[in-house]
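Dear colleague,

I am handing over the structure we spoke about, and below it you will find an account of what came out of the analysis. Please read the account with the coordinates open beside you.

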2 protein chains.
Amino acid sequence: MTINSDRKRPGRPPGTSDTRDRILASARELFARNGIHSTSIRAIASAAGVDPALVHHYFGTKNQLFAAAIHIPVDPMTVIGPLRETPVEQIGYVLPSLLLPLWESELGQGFMATLRSVLSGTDVSDASMIRSFLQEVITTEVGSRVDDPPGSGRVRVQFVISQMVGVVMARYILALEPFASLSVPQIVDTIAPNLQRYLTGELPQPAED
Amino acid sequence: MTINSDRKRPGRPPGTSDTRDRILASARELFARNGIHSTSIRAIASAAGVDPALVHHYFGTKNQLFAAAIHIPVDPMTVIGPLRETPVEQIGYVLPSLLLPLWESELGQGFMATLRSVLSGTDVSDASMIRSFLQEVITTEVGSRVDDPPGSGRVRVQFVISQMVGVVMARYILALEPFASLSVPQIVDTIAPNLQRYLTGELPQPAED
């Protein structure tokens with residue numbers, strides 16, 4: 001599935017690379033301000049002053065547009081799809097098995113660049129978009145299937161996120177050795193039981209105030 | 001190496017805030033280039049063109065100077081000291097119990113600022129210093145006490161670091177909710193068994209090549 005299909009049409013196409021950039025800028029602005037779920041292709045098209053069909057033409061689905069906006073050159077559904085098929089008792093293993101090879105690939109570079117800009121605090125919309133992605137997509141998709149302590153919100157999946165983000169940091173950003181040189185299977189196998197405990201293990205109850 | 005000895009003027013005290021800054025700049029440069037263990041107070045003093053006694057006067061011990069250079073306004077020994085007294089079977093609990101309250105305090109702000117600059121990739125010496133701290137101090141102090149798989153280096157403690165850095169990211173940098181609002185004890189109690197597994201639990205053996 002390609003996000004950026006630059007298919008040439010007969011005659012002068014209505015979308016130039018300038019149009020494409022304008023759509024992307026509007027998408028980043030709206031995703032950052034309102035999150036993913038509350039942002040429609042129609043609203044993005046309207047903000048960019050183009051027809052919604054053109055947005056679809058350039059970027060495909062809303063998920064694909066979001067991926068392009070956040071510089072993840074893959075559709076989030078390539079991760080979310082398989083997770084939906086995975087029994088909850090295996091997500092602790094399957095999640096890092098899906099994500100680490102993605103991060104290792106050349107495709108991961110764009111994501112690391114986004115993460116750096118979040119961390120530097122220079123681009124607020126990047127931080128908002130990553131937060132939206134983690135909260136709306138991962139938290140909703142995975143979090144809705146696990147049994148959180150009453151009244152505490154979707155905490156289980158957020159502990160999972162904390163471990164996965166920590167792997168990104170230790171391996172790609174801080175490049176700690178030997179961590180950065182470990183094989184993908186060694187990392188996956190080592191963290192999987194901990195992720196699974198966060199998802200389905202017994203967790204301490206939060207103390208009453 | 002910058003040697004600035006042209007600053008001495010009669011009638012002024014040998015230590016001005018300018019001198020202090022110069023010591024700090026030399027310290028950052030040498031710590032980043034050579035790590036903590038290979039950098040002496042004497043070398044820093046020499047690079048800054050001052051007497052070693054003045055470095056001690058301003059910053060105390062080498063550890064305290066390192067803390068100042070990396071913008072952690074506490075001596076790393078306040079964390080390392082108690083850890084040395086802690087049986088290895090309790091470090092998974094004691095480590096986050098020491099670190100989270102530090103991060104929550106006002107003192108944690110400087111550290112978050114350093115982390116942001118690491119992530120933005122703008123200040124290479126910050127990244128090198130954090131890497132030195134994690135590798136030389138935490139990895140050596142804690143890692144030397146646990147039983148790593150043969151030939152794999154200090155991997156156990158690095159998985160611990162990955163989880164702790166992930167907590168910092170999720171809570172303070174990305175500010176995921178509800179994660180950012182959970183109580184310190186809830187986070188400590190939830191991650192402690194996972195940290196302890198990394199330190200003393202059974203981990204998968206790395207596959208032979």
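Helices in what follows are DSSP runs of H or I with at least four residues, strands are runs of E with at least two, and both are numbered from the N terminus. On that basis chain A has ten helices and zero strands, and its order along the sequence reads α-α-α-α-α-α-α-α-α-α. Please keep in mind throughout that this is a predicted model.

Some overall values for chain A come next. Of its 209 residues, 37% are buried. Among the contacts in chain A with a separation of 6 or more, 62% are accounted for by residues 24 or more positions apart.

The domain assignment divides chain A into domain 1, covering 17–69, and domain 2, covering 77–200. The C-alpha centres of these two domains of chain A lie 25 Å apart, and the contact between them takes nine residues from domain 1 and seven residues from domain 2. On the domain 1 side, the elements that give two or more residues are helix 1 (17–34) and helix 4 (62–69) of chain A, with helix 1 of chain A providing the largest share, four residues. By class, that side of domain 1 of chain A consists of four nonpolar, three polar and two charged residues.

Turning to the interface between the chains, 41 residues of chain A are in contact with 41 residues of chain B. On the side of chain A that touches chain B, two or more residues come from each of helix 7 (108–120), helix 8 (124–141), helix 9 (155–173) and helix 10 (184–200) of chain A. Helix 9 of chain A gives the largest share of that side, twelve residues, and the residues of the side as a whole divide into 23 nonpolar, 14 polar and four charged.

How are the two copies related to each other? A turn of 180 degrees, with a shift of 0.0 Å along the axis, lays chain A on chain B with an RMSD of 0.1 Å, and this is therefore the relation of a two-fold axis. The same surface serves both copies, in that 100% of the contact residues of chain A recur in chain B. Of the residues of chain A, the one that comes closest to the rotation axis is A:Gly166, whose C-alpha lies at 1.8 Å.

One helix pair in chain B may also be of interest to you. Helix 2 (residues 41–48) and helix 3 (residues 52–59) of chain B pack at an angle of about 105 degrees, with their axes 8 Å apart, which means that helix 2 of chain B is roughly perpendicular to helix 3 of chain B. In this contact B:Ile41, B:Arg42, B:Ile44 and B:Ala45 of helix 2 meet B:Pro52, B:Leu54, B:Val55 and B:His56 of helix 3, and by class the residues are six nonpolar, one polar and one charged.

Helix 2 of chain B also holds B:Ala47, which counts as buried because it has 20 C-beta neighbours inside 10 Å, and 20 or more is the cut-off for that class. B:Ala47 and B:Glu29 are 18 residues apart in sequence, while their C-alpha atoms are 9.4 Å apart in space.

With best regards

Key
Residues numbered from 1 in each chain as written. Chains lettered and ligands numbered in written order. Predicted model: local features only at pLDDT ≥ 70, side-chain atom pairs only at ≥ 80, totals over all residues. Contact = placed C-beta atoms within 7 Å. Nonpolar A, V, L, I, M, F, W, Y, C, P; charged D, E, K, R; others polar. Least-squares fit on C-alpha atoms with pLDDT ≥ 70 in both. Axes fitted to C-alpha atoms, helices over the stretch in contact; angles between N-to-C directions. Parallel < 35°, antiparallel > 145°, perpendicular 65-115°, else oblique. Domains from an automatic or database assignment. Buried ≥ 20, exposed ≤ 12 C-beta atoms within 10 Å, placed from the backbone.
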